[in-house]
Amino acid sequence: GTIVIGRHSSPGSKLTIKLCAALRKPCFLVAWSPGDDVPDTATFRTWLRENNVQVLNVAGNGEGLSTAGIGRTTIEFLVRALT
(Lines give C-alpha, C1' and ligand atoms only; values in the text may rest on other atoms or scores of the structure.)
Protein backbone atom coordinates (compact mmCIF):
# COMPACT_ATOMS: atom_id res chain seq x y z
CA GLY A 1 0.00 0.00 0.00
CA THR A 2 1.00 3.63 -0.41
CA ILE A 3 0.44 6.63 1.81
CA VAL A 4 0.67 10.08 0.19
CA ILE A 5 1.25 12.95 2.61
CA GLY A 6 1.01 16.66 1.82
CA ARG A 7 -0.48 18.51 -1.14
CA HIS A 8 -2.04 15.96 -3.45
CA SER A 9 -2.08 18.45 -6.33
CA SER A 10 1.70 18.31 -6.82
CA PRO A 11 2.90 16.53 -10.00
CA GLY A 12 4.65 13.76 -8.07
CA SER A 13 1.67 13.08 -5.82
CA LYS A 14 -0.71 13.08 -8.79
CA LEU A 15 1.48 10.53 -10.57
CA THR A 16 1.73 8.31 -7.48
CA ILE A 17 -2.05 8.35 -6.99
CA LYS A 18 -2.61 7.60 -10.69
CA LEU A 19 -0.18 4.67 -10.65
CA CYS A 20 -1.74 3.19 -7.51
CA ALA A 21 -5.13 3.26 -9.26
CA ALA A 22 -3.73 1.77 -12.48
CA LEU A 23 -1.99 -1.03 -10.56
CA ARG A 24 -5.01 -1.51 -8.29
CA LYS A 25 -2.90 -0.94 -5.18
CA PRO A 26 -4.39 0.62 -2.05
CA CYS A 27 -3.56 4.30 -1.60
CA PHE A 28 -4.25 6.45 1.48
CA LEU A 29 -4.20 10.25 1.23
CA VAL A 30 -3.24 12.50 4.13
CA ALA A 31 -3.72 16.21 3.46
CA TRP A 32 -1.20 18.37 5.30
CA SER A 33 0.09 21.94 5.02
CA PRO A 34 2.70 23.78 7.11
CA GLY A 35 1.16 24.91 10.37
CA ASP A 36 -1.28 21.99 10.52
CA ASP A 37 -1.21 19.61 13.47
CA VAL A 38 -0.12 16.03 12.97
CA PRO A 39 -3.19 14.35 11.44
CA ASP A 40 -5.21 11.79 13.39
CA THR A 41 -4.11 8.23 12.69
CA ALA A 42 -7.31 6.26 13.45
CA THR A 43 -8.60 6.10 9.88
CA PHE A 44 -5.13 5.21 8.58
CA ARG A 45 -4.80 2.35 11.07
CA THR A 46 -8.17 0.99 9.96
CA TRP A 47 -7.12 1.30 6.30
CA LEU A 48 -3.92 -0.68 7.01
CA ARG A 49 -5.91 -3.51 8.61
CA GLU A 50 -8.69 -3.57 6.00
CA ASN A 51 -6.19 -3.70 3.13
CA ASN A 52 -3.84 -6.14 4.88
CA VAL A 53 -0.89 -3.86 4.09
CA GLN A 54 2.39 -5.69 4.68
CA VAL A 55 4.70 -3.26 2.87
CA LEU A 56 4.09 0.48 3.05
CA ASN A 57 5.38 2.93 0.45
CA VAL A 58 5.57 6.48 1.86
CA ALA A 59 5.19 9.22 -0.74
CA GLY A 60 4.37 12.90 -0.84
CA ASN A 61 5.95 16.30 -0.92
CA GLY A 62 9.60 16.80 -0.09
CA GLU A 63 10.81 19.18 2.60
CA GLY A 64 11.01 22.71 1.19
CA LEU A 65 9.96 26.28 1.78
CA SER A 66 6.33 25.55 0.89
CA THR A 67 6.28 22.32 2.90
CA ALA A 68 8.53 23.10 5.87
CA GLY A 69 8.01 20.52 8.61
CA ILE A 70 6.57 17.75 6.44
CA GLY A 71 9.40 15.37 7.28
CA ARG A 72 8.93 15.74 11.03
CA THR A 73 5.14 15.49 10.64
CA THR A 74 5.40 12.34 8.51
CA ILE A 75 7.68 10.63 11.03
CA GLU A 76 5.44 11.57 13.95
CA PHE A 77 2.31 10.43 12.08
CA LEU A 78 3.82 7.05 11.23
CA VAL A 79 5.24 6.47 14.71
CA ARG A 80 1.83 7.21 16.24
CA ALA A 81 0.05 5.00 13.72
CA LEU A 82 2.38 2.02 13.88
CA THR A 83 3.03 1.77 17.62
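## How do we know? Questions about a small β-α protein model

Q: What makes one face of strand β2 covered and the other uncovered?
A: In strand β2 (residues 27-31), Phe28 and Val30 form the covered face, while Cys27, Leu29 and Ala31 form the uncovered one. This is a predicted model, in which local features need pLDDT of at least 70. Residues are numbered from 1 along each chain as its sequence is written.

Q: How do you know that β1 and β2 pair?
A: Two strands pair if DSSP finds at least two bridges between them. Strand β1 (residues 2-6) and β2 have five bridges, in the parallel sense, so they count as paired. One example is Ile5, whose bridge partner in β2 is Val30.

Q: Why is the β1-α1-β2 crossover called right-handed?
A: The name applies if, with the strands pointing away from the viewer, the path from the first strand over the helix to the second runs clockwise. Here the chain goes from β1 through helix α1 (residues 11-22) to β2, and this β-α-β crossover is right-handed.

Q: What makes up the secondary structure of the protein?
A: There are three helices and three strands, arranged along the sequence as β-α-β-α-β-α. Helices (H or I, at least four residues) and strands (E, at least two) are DSSP runs, numbered from the N terminus.

Q: Why is the protein called as compact as a globular protein of its length?
A: Its radius of gyration is 12 Å, close to the 12 Å that the globule rule gives for 83 residues, so the description fits. The radius is taken over C-alpha atoms, and the rule is 2.2 Å times the number of residues to the power 0.38.

Methods: This is a predicted model: local features need pLDDT of at least 70, side-chain atom pairs count only at pLDDT 80 or more; totals for chains, interfaces and linings use all residues. Side-chain values use heavy atoms; hydrogens and water are left out. Buried means under 20% relative accessible area, exposed over 50%, partly exposed in between (1.4 Å probe, protein chains only).
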